[in-house]
Amino acid sequence: MIRKYLAFFRACWAISLEYRAEGFVWMLTNLLSIIMMLVWLSLSSAGPVAGFTSGDFVAYYMVGLIVRHMTGAWTSFDLDTSIREGTLSPQLVRPIHPVHWYVAANWSEKATRLGILLPLVALAFVLTPSAHLDVTPVSVGAFLLSLVGAWLVSFLSDYMIGILSFWTSQTAAFNQVMWGLKLVLSGILAPIQMFPPAVQVVLDWLPFRYMLAFSNEIALGQTQGERLLFGLVVQWAWVAFFFLLTRLMWKLGTRSYSAVGA
Amino acid sequence: MTSQIEVDHLSKYYQVHEKEPGLMGSLRSFVKRKYRDVKAVDDISFHIDAGERVGFLGPNGAGKTTTLKVLSGLLYPTRGHATVLGFTPQKRETAYLKQFTLVMGQKQQLLWDLPAIETFLVNQAIYEIPKAQFEATLNELDNLLDLESVMKKQVRKLSLGERMKCELAAALLHRPKVLFLDEPTIGLDVTMQARIREFIGEYNRRYGATVLLTSHYMADVTALCERIIVIDRGHLFYDGNFRALIERVAPYKILRLQFEQPISRLELATFGEVAACDGLTAVLHVPRVQATESATRLLSQMKVDDVTFEEPPVEDIIREVFAGRVEMRD
Amino acid sequence: MRYLRLLVLFWKASFLVELEYRANFVVRILVGVFWVGVTILSTTVFFTHTNNIGGWDFNEVLVITGLFTLMGGIIQALLQPNVSKIIEMVRLGTLDFVLTKPVNSLFLASLRYSQPFSAVDVLSGSAIVVVALSRMGYIPDGLAVLEFVVMFAMSVLIVYSIWMVMATLSFWFVKVGNLSELFNTVWDTARFPVSTFNGVLRIVLTVVIPIAFITTFPAQAVLGRMDEATLGGAMAMGAILFGFSVWFWRYAVRSYSSASS
């Protein structure tokens, strides 16, 4: 399996280098986080908003840039295209599950772009002395664990939408709804603490917070102790859920693909 | 001993929705949809032994591709069943996937943006081909297909023919025992078609691989396949030896003659059936068994300027098959 | 006149295509309603912590939100399908079919397709604007309406030009799909009054990527806060961008024809 992944990486890496300019444009799409940061900075210029100082907002959105970068997933798009154009067929007759290719593509693109993103984020922290991170062994460990979890929740939920293309041509619509939900509920638009308490309780149980905000909160030292543990349990429960769901859906999906016509 | 490919009473139906033309038709089908079953493949049976080269003939929509897809495990049969190498294709077991290959002339597996060699390397990993074997196979394929110059160029910059060569190479690196080739020469020029055809024949001889091929081009089939299976609208029309079919449907050869001086129909009638005659030239249908003898007689008895033997056009023969004038099996 | 007839034919054909996918219709409505909810909710989140964004109160921001949704609908219905088609045609080389037709190629390429069901967003966006205005108890006078119509026309022209320039870029960059992604990101700033942003960014959003002209200024017009300078600026901006996009398209077609075989 490792040999297969190495071969996949090699190819995916070469593809992403073919499209360097594209990678650069992709970097710019992180602008949304920066825009939201600027909006909150304009609101917090008079004083802290719900406990967030300007420095907190900078730290939150800068960590968020990295988390969003590391958890970004676009497999549904590729899978939808493959299914519609029939290019999935050649992949299905190969003795390896197509998802491994998508995972390799996902990772290799991230690796290419992380090198550009990290220095920029570091620079932002240097320029904003009031932006603090919680750097303790526990929080760093928890952050990394939550980051892996966040990637899995994002990737698997996106993969799930991709698998839906076996039955429907509405993948784009599902993606839009997913994006809308993520925009508001995962912490892109606003940190979860900006929501009314009742909403926050609900968000504790939904998967969205665990795609982004949860990791941000850990990095800022806002979620600690028991709440941290609780969050990790819920996050990984969602990982398990999506894992099992996508496995089942893939099985049914390829079956129905075979029924309708490949 | 059972056959390598067994297809028994295989049927595959699709549901399609129908629509009347025009705005009203669109609106009507928007509200209420009418569905209809299309029988892509309807109760087809055949067996193929190891090392056979079988041509799948039929017009567009005959069910050729559908059958190949069932055999590759991409489609579930509606009824009946198929086994290949003892496997049930739609279970898609790894052991099975490693032993066959599917090449579709209109779809590609090569990575579009990279040189073909990158796809080869990816496939090496996917099919777990040992390094030594990979290099040996690649070397042989290179000899047969002359890949050296093309496999290092980006696929999107290759010509259609070059791309097909690489596509075949990528599909054969793991030395599959069974080859499903769906229109492998589509869109290629005549020389390249012949090239690909020769290669497939050579691969079959060298590795004893079974080849099941569909093609629009009769030449592909006549050059490659001893056996043909003719299907149309999902039904099997003929399955058997290609030569035998020709001899049965067209038990004659075509003799084209050019004379030094005008000749009449009547004089020619003793040598065979006169298909055309305009004085100086004539076309005769001569029974196969007597062909040589008739020609010799002709040459000795008349002043013949030029004479050629031809096989009846395959297209005509197949048309006969579709018209239902030929028995199903030989 | 001929072009108008063609346009009607194109749109009719697109409508017929859309009818083929009836699930789309239901889905578009649901997604449309969903986004109205998302936009209003997100605006509410900000206003639980403040009483103004960039000097605009809740109802005024709601007007911007409505225009944002409305323009998004126009983009989805008319621009996005053509732009993705252009990109695809350049990639597959089928643009030749467009260039050999006896019709203005930009017209044909940029208005050939549409997704009429996306007009749902145009309706819901307009509804938000109307609700916001009535919550203020404000009825725009004739001048405000006139100014709004002009500003809105300019904003459509500006958006059209930006999208066409992006599509034209695909002549040189094969995978330009991400560019529209980029637009979508910058586009999100149009949810907020341009005065939310300070300093350089505000200038960038006004002059370089003229997002301000798309929602903020038309909103100002309908609220009766338009000044001549902005009005003139919008018309100049519309004319310049449109002119540029036409020139850029012609330039690209010329170099495309001489480059490809």
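# Close-up views of a three-chain predicted model

Chain C reads α-α-α-α-α-α-α-α-α-α-α along its sequence, where helices are DSSP runs of H or I with at least four residues, strands are runs of E with at least two, and both are numbered from the N terminus. The model is predicted, so local features are given only at pLDDT of at least 70 and side-chain atom pairs only at pLDDT 80 or more, while totals for chains, interfaces and linings use all residues. Residues are numbered from 1 along each chain as its sequence is written, and chains are lettered from A and ligands numbered from 1 in the order in which they are written.

**View 1. Chain C is built from eleven helices and zero strands.** Its radius of gyration, taken over C-alpha atoms, is 19 Å, close to the 18 Å that the globule rule gives for 261 residues, so chain C is as compact as a globular protein of that length. The rule itself is 2.2 Å times the number of residues to the power 0.38. The C-alpha trace of chain C spans about 60 × 40 × 35 Å along its principal axes. Of the 261 residues, 40% are buried, meaning that 20 or more other C-beta atoms lie within 10 Å of a residue's own; exposed residues have 12 or fewer, partly exposed ones fall in between, and the C-beta atoms are placed from the backbone. Contacts, here pairs of residues whose backbone-placed C-beta atoms lie within 7 Å, often reach far along the chain: among those in chain C between residues at least 6 apart in sequence, 81% join residues at least 24 apart.

**View 2. Chain B combines twelve helices with 13 strands.** Its C-alpha trace spans about 70 × 60 × 50 Å along the principal axes. Of the 330 residues of chain B, 39% count as buried. For contacts in chain B with a separation of 6 or more, 70% come from residues 24 or more positions apart.

**View 3. Helix α5 (residues 75-85) of chain A has A:T75, A:S76, A:L79, A:D80, A:S82 and A:I83 as its buried residues.** Seen down the axis of α5(A), these residues fall within an arc of 165°, so they line one face of the helix; the arc is that of the directions from the helix axis to the C-beta atoms. Among the elements covering them are α6, α7 (99-127), α8 (137-163) and α9 (171-185) of chain A. On the face turned away from the buried side sit the exposed residues A:R84 and A:E85. After α5(A) comes A:G86, with a positive phi near 80°.

**View 4. Two residues other than glycine have a positive phi: A:A50 at about 45° and B:E128 near 50°.** A:A50 lies in the loop between α3 (31-43) and α4 (54-71) of chain A. It is partly exposed, with 13 other C-beta atoms within 10 Å. B:E128 lies in the loop between α4 (116-126) and α5 (131-145) of chain B. This residue is partly exposed too, with 14 other C-beta atoms within 10 Å.

**View 5. Chain C meets chain A through 30 residues on each side.** On the chain C side, α2 (22-47) and α8 (177-187) each supply at least two residues. The largest share, ten residues, comes from α2(C). This side of chain C divides into 17 nonpolar, ten polar and three charged residues; Ala, Val, Leu, Ile, Met, Phe, Trp, Tyr, Cys and Pro count as nonpolar, Asp, Glu, Lys and Arg as charged, and the others, Gly among them, as polar.

**View 6. Chains A and B touch through 24 residues from each chain.** The elements giving two or more residues to the chain A side are α1 (2-18), α6 (88-92) and α12 (225-260) of chain A. Helix α1(A) gives the largest share, nine residues. By type, the chain A side holds 13 nonpolar, five polar and six charged residues.

**View 7. The largest nonpolar core has 122 residues.** Such a core is a set of buried Ala, Val, Leu, Ile, Met, Phe, Trp, Tyr and Cys residues joined through C-beta atoms within 7 Å. The residues with the most contacts inside this core are A:M36, A:V153, C:V63 and C:V159. Helix α3 (residues 58-92) of chain C provides the largest share of this core, 16 residues. Leaving out residues up to four places away in sequence, A:V153 touches A:P207, A:Y210, A:M211, A:Q235, A:W238, A:V239 and A:F242. Another core, of 85 residues, lies apart from the largest one and includes B:L71, B:A116, B:F120 and B:I126.

Conventions:
Two residues are in contact if their C-beta atoms, placed from the backbone, lie within 7 Å.
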